[in-house]
Amino acid sequence: MSSPKATLELLPKSMQVLLGTGALALAVFPFVPVEGSAFYLQMLSQMMILAIFAMSLDLLQGVTGMVSLGHAAYFGLAGYALAFLTPADTPISLWWALPASALGAGLAALIIGFFVVRTHGIYFIMVTMAFAQMVFFLFFDNKALGGSDGLYVNFRPDATLFGWTGIDLENKTTFYYFTLAVLVLVYAFLRRLLFSPFGRVLSGIRVNEHRMRAVGYGTFGYKLAAFTLAGSLAGVAGFLWAAQTGYVNPELMGFHMSAHAIMMVILGGMGNFAGAIVGAFAFEYVMHFFKDLTKHWQLLMGGFIVLVVVLAPRGLLGLGERLLGKKEH
Amino acid sequence: MSELLLSAQHLTKRFGGLAAVNDVSVDLFRDRIHAVIGPNGAGKSTLTNLLSGDLPPTSGRITLNGVETAGQSPERISRLGLGRSYQKTNIFLPFTVWDNVRLAAQSSERHSPWNPLRWLGRADQLRAVNQRCERALELAGLTHRGPTVAGTISHGEQRQLEIAMTLATEPTVLLLDEPLAGMGQAEAESMVALLLKLKKNHAMMLVEHDMDAVFALADQLTVMVNGQVIASGTPAQVRADPVVQAAYLGEEHA
């Protein structure tokens, strides 16, 4: 049939159980005694951060139907925001640095979005990429902004809340749990949003923007709001990344970062945010696997993505639904 | 004469050298159906697009419920009370019938995409929207199809869905572009009955090829050829017009 492909929005029970199990596994992992657990904690933290980043892109790509090839710009900008906000000799408070960085990324998305959401399809892809490249080179060519070497984040943010020091982000395990909490929160928020009046309008725009306007929706405002929100959430991820690695460089907002996020969303399955999480973990895992195998890992990675697109056009989640669905009958 | 809801004066739309619509004036009154007929390429759909804001007119004035709307965006014109259906079915194919109509019904809520409360509430629990949706589905005779995916229902039902979505925004002015196109006999008859019912309280412009339906429904008839109006009046007046007979009706009703 020629109808646009339906995305998987409602997750079947079996899939919810699977996702819950995954979340539980992440929650108990720090208690599991494995060799080199510090390394794995860091790696999983990074995967979770990328999952937040991929979910923020899915709001545009899978829900609204706007494929942005410049989404890393907002990820990177928030990371730089943390680097600039952190003084040389003392940590900065998490409770205002995180909102400030996310809002900063959101503001950049609002300004850039004002120009780009007017375009459609291939033009949208090109213009988002062009703006991201401008941001990239602004930092890359500017010594005052760290140049090509980037900047250090001297301290992880301080999470002291009204004198309570229960959360110490310098501790790897605490940071891991903090990231997991943010991941779960962002996921719950976006799932809720998907079925809200706002979310329904966004998916209507994906399917048939022309008709949406004919029944009275100012789609420009909706798309701009989605672009801004996605930018801020990418900012949350970028902030965590900078805090986790203690280091930012222009690569964070580079073309590869943006393209990886698109592949994560496609790999996992678009339009339901759970796919973005699964895709981010799968992408990172497979990438590390291939990297250990050969220095020509990108060749294998490309082949892997092609294989998934051909065999599972609705991503790993869509594939899972098909297999689980068969079992249930 | 009843209340004038939409008035278009001297509308012209040029695409390069071609005047697709040339100096056309149309008035739509409450409780009346104004049919526009003409051969393919006469400019009927272009006229509809000018009135609905899908295309800006090159020149001319449009007044909708007292507001000047020529060149305004389709979403603004929709919110001022105009609803249109499309000649080529223009629905949300992967969504259920219910969700198609619900989405259209939701648009008349006061909405801002920047209000975080609208990011968190549940769309399917907006009571007024659900009521509007139910009413529109019932009018169009599609209540039983609510849970079915729109891409899988029959062509005739998709035409009904077109109308249901148009009605869901509760417009005062209806522009229906060939609502009977491709329908079977029984489906066409029930659509004609629906249009007669909708005549009450709406001002309607009906673009249609089915002459039986046109003469059964129309209070006012405008004939277009090559972008121009060649006759306008009551169906009886138009039928008797020698120019019309030569240009259009004569050939089809020979």
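Reader: What pattern does chain A follow along its sequence?

Author: Read from start to end, chain A goes α-α-α-α-α-β-α-α-α-β-α-α-α-α. That comes to twelve helices and two strands. Helices here are DSSP runs of H or I with at least four residues, strands are runs of E with at least two, and both are numbered from the N terminus. Keep in mind that this is a predicted model, where local features need pLDDT of at least 70, side-chain atom pairs count only at pLDDT 80 or more, and totals for chains, interfaces and linings use all residues. Residues are numbered from 1 along each chain as its sequence is written, while chains are lettered from A and ligands numbered from 1 in the order in which they are written.

Reader: How do you know what radius of gyration a compact globule of 329 residues would have, and what does chain A have?

Author: There's a rule for that: 2.2 Å times the number of residues to the power 0.38, with the radius taken over C-alpha atoms. For 329 residues the rule gives a value near 20 Å, and chain A has 20 Å, so the two agree. Along its principal axes, the C-alpha trace of chain A spans about 60 × 45 × 45 Å.

Reader: What share of chain A counts as buried?

Author: 48% of its 329 residues do. A residue is buried when 20 or more other C-beta atoms lie within 10 Å of its own, exposed with 12 or fewer, and partly exposed in between, with C-beta atoms placed from the backbone.

Reader: What makes a set of residues the largest nonpolar core, and which of its members touch the most others?

Author: A nonpolar core is a set of buried Ala, Val, Leu, Ile, Met, Phe, Trp, Tyr and Cys residues joined through C-beta atoms within 7 Å. The largest one has 123 residues, and A:A51, A:I52, A:A54, B:V101 and B:A164 touch the most other members. Helix 8 (residues 219–245) of chain A gives the most to this core, with 16 residues. As background, nonpolar side chains tend to be buried together in soluble globular proteins.

Reader: Which residues is B:V101 in contact with, leaving aside its neighbours within four places in sequence?

Author: B:C133, B:A136, B:L137, B:A164, B:M165 and B:A168. "In contact" means that the C-beta atoms of two residues, placed from the backbone, lie within 7 Å. A second, separate core of 46 residues includes B:L5, B:L47, B:V223 and B:V238.

Reader: Why is strand 3 of chain B called largely enclosed?

Author: Six of the six residues of strand 3 (residues 32–37) meet the buried cut-off, so the rest of the structure largely encloses this strand. Side chains in a regular strand alternate between the two faces of the sheet. Here both faces are covered, with B:R32, B:H34 and B:V36 buried on one side and B:I33, B:A35 and B:I37 buried on the other.

Reader: How do you know that strand 3 of chain B pairs with strand 8 of chain B?

Author: Two strands pair if DSSP finds at least two bridges between them. Strand 3 and strand 8 (residues 203–207) of chain B share five bridges in the parallel sense, with B:H34 opposite B:M205. Strand 3 also runs parallel to strand 9 (residues 220–225) of chain B, joined by four bridges, and there B:V36 stands opposite B:T222.

Reader: What makes strand 6 of chain B covered on both faces?

Author: In strand 6 (residues 82–85), B:L82 and B:R84 are buried on one side, and B:G83 and B:S85 on the other. Four bridges join strand 6 to strand 7 (residues 173–177) of chain B in parallel, and B:G83 has B:L174 as its bridge partner.

Reader: Why is B:D23 called partly exposed?

Author: B:D23 has 14 other C-beta atoms within 10 Å, so B:D23 falls in the partly exposed range. This residue belongs to strand 2 (residues 18–29) of chain B and has a positive phi of about 55° although it is not a glycine. B:N65 is another non-glycine with a positive phi, about 45°. B:N65 is partly exposed, with 16 other C-beta atoms within 10 Å, and is found in the loop between strand 4 (59–64) and strand 5 (67–68) of chain B.

Reader: How many residues of chain B are in contact with chain A?

Author: 30 residues of chain B are in contact with 25 residues of chain A. Helix 2 of chain B gives the most to its side, with four residues.
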